[in-house]
Amino acid sequence: MRHNHPAQDLIDYLNDRPQSTRRPHRLPAEAYAQSECIYYFTLCARQHGDLFLHGGLARSVVSSLLWRRERHRWKLYAYCLMPDHLHFLLQLTGDDSRLLDGGSRGLVPASVLDQIGDFKKYTTTQVWWKLGGEGRLWQKSSYDRIIRWGDSIDDAARYTLENPVRKGLVEDWLEYPYSGIVDPWWDEETYQDPRG
């Protein structure tokens, strides 16, 4: 039997409920402020089509994601900006813990959702609008999941990086200009760097 980490108890409870129980779209807010968890996000563009094939927009979105990594001291394991959506894997480090006014919930810890919201707002108002775009750049919600405590992130990282290959944009993920590995997640003594 695997010993659960305290942050995993909440995730296990939500994942192990009977299927007849309707699951909320989001986990409870506190689940998004855990430095022990690895978060896998997919943000979809509000506009349909190949929006992020525009080089200036794509480069600016990737630069903004990397800036957020520095600002919030994330571990950003892998990312891929596809023509109409963005995948990325991150882990909070706890270096940027602060409390926010949660209204009726009182003071709540700042979460990765707040940081992703800031990223979406910035890339809309300071990038998209300045390039002549109108309306929101991103869909209101995102698709996210938390990788179980102790589980490998290899599959999620591989899925993220291989996305342009599956879509026929490149033959090798290393050729795709809007994806990459930023922070290694592997033990360098026992695992080979997937970049070759």
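Which residue's side chain meets that of R158 in a salt bridge? The partner is D155, with 3.3 Å from N to O. Keep in mind as you explore that this is a predicted model. Why can two such side chains come together at all? Side chains of opposite charge can pair when their charged atoms come close. In this case the chain itself helps you see the arrangement: R158 and D155 are separated by about one helical turn, because they are 3 residues apart in helix α4, which covers residues 154-166. Now look at how open the two residues are. D155 counts as exposed, because its relative accessibility is 60% and exposed means over 50%. R158, with a relative accessible area of 45%, is partly exposed.

That pair has company, since the structure holds 3 salt bridges. Let's move on to R69, which takes part in a salt bridge with E70, where the closest N and O atoms are 2.4 Å apart. R69 also forms a salt bridge with D183, and here the closest N and O atoms are 2.8 Å apart. This second pair links distant parts of the chain: R69 sits in helix α2 (residues 55-72), while D183 belongs to the segment after β7 (179-181), and their positions lie 114 residues apart in the count along the chain. Are R69 and D183 buried or exposed? R69 is buried, with a relative accessible area of 18%, and D183 is buried too, with a value of 14%. Both count as buried because the cut-off is under 20%. Through shared partners, the salt bridges join R69, E70 and D183 into one network.

Next, find strand β1, made of residues 38-44. How many of its 7 residues are buried? The answer is 7 of the 7, so the strand is largely enclosed by the rest of the structure. To picture this, recall a simple pattern. In a regular strand the side chains alternate between the two faces of the sheet. In β1, one side carries I38, Y40, T42 and C44, the other carries Y39, F41 and L43, and all of these are buried, so both faces are covered.

Strand β1 also has strand partners. With β3 (residues 85-91) it runs antiparallel, joined by 7 bridges. One place to look is Y40, whose bridge partner in β3 is L89. With β6 (residues 143-147), β1 pairs over 5 bridges, again in the antiparallel sense. Here you can look for I38, which stands opposite I147 in β6.

Stay in strand β1 a little longer and pick out C44. With a relative accessibility of 18%, C44 counts as buried. Which residues does C44 touch, not counting those up to four places away in sequence? They are D84, H85, W138, Q139 and Y143. Take W138 from that list: C44 and W138 are 94 residues apart along the chain, yet their C-alpha atoms are separated by 5.8 Å.

W138 leads us to our last stop, T123, which has W138 among its contacts. T123 lies in helix α3, which spans residues 112-128. Is T123 buried or exposed? T123 is buried, with a relative accessible area of 0%. Leaving aside neighbours within four places in sequence, T123 is in contact with V61, S64, W128, L137 and W138. So W138 is a residue you can find from two directions, because C44 touches W138 and T123 is in contact with W138 as well.

Key: Residues are numbered from 1 along each chain as its sequence is written. This is a predicted model: local features need pLDDT of at least 70, side-chain atom pairs count only at pLDDT 80 or more; totals for chains, interfaces and linings use all residues. Side-chain values use heavy atoms; hydrogens and water are left out. Helices (H or I, at least four residues) and strands (E, at least two) are DSSP runs, numbered from the N terminus. Buried means under 20% relative accessible area, exposed over 50%, partly exposed in between (1.4 Å probe, protein chains only). Contact means heavy atoms within 4.5 Å. A salt bridge is a side-chain nitrogen of Lys or Arg within 4 Å of a carboxyl oxygen of Asp or Glu. Two strands pair if DSSP finds at least two bridges between them.
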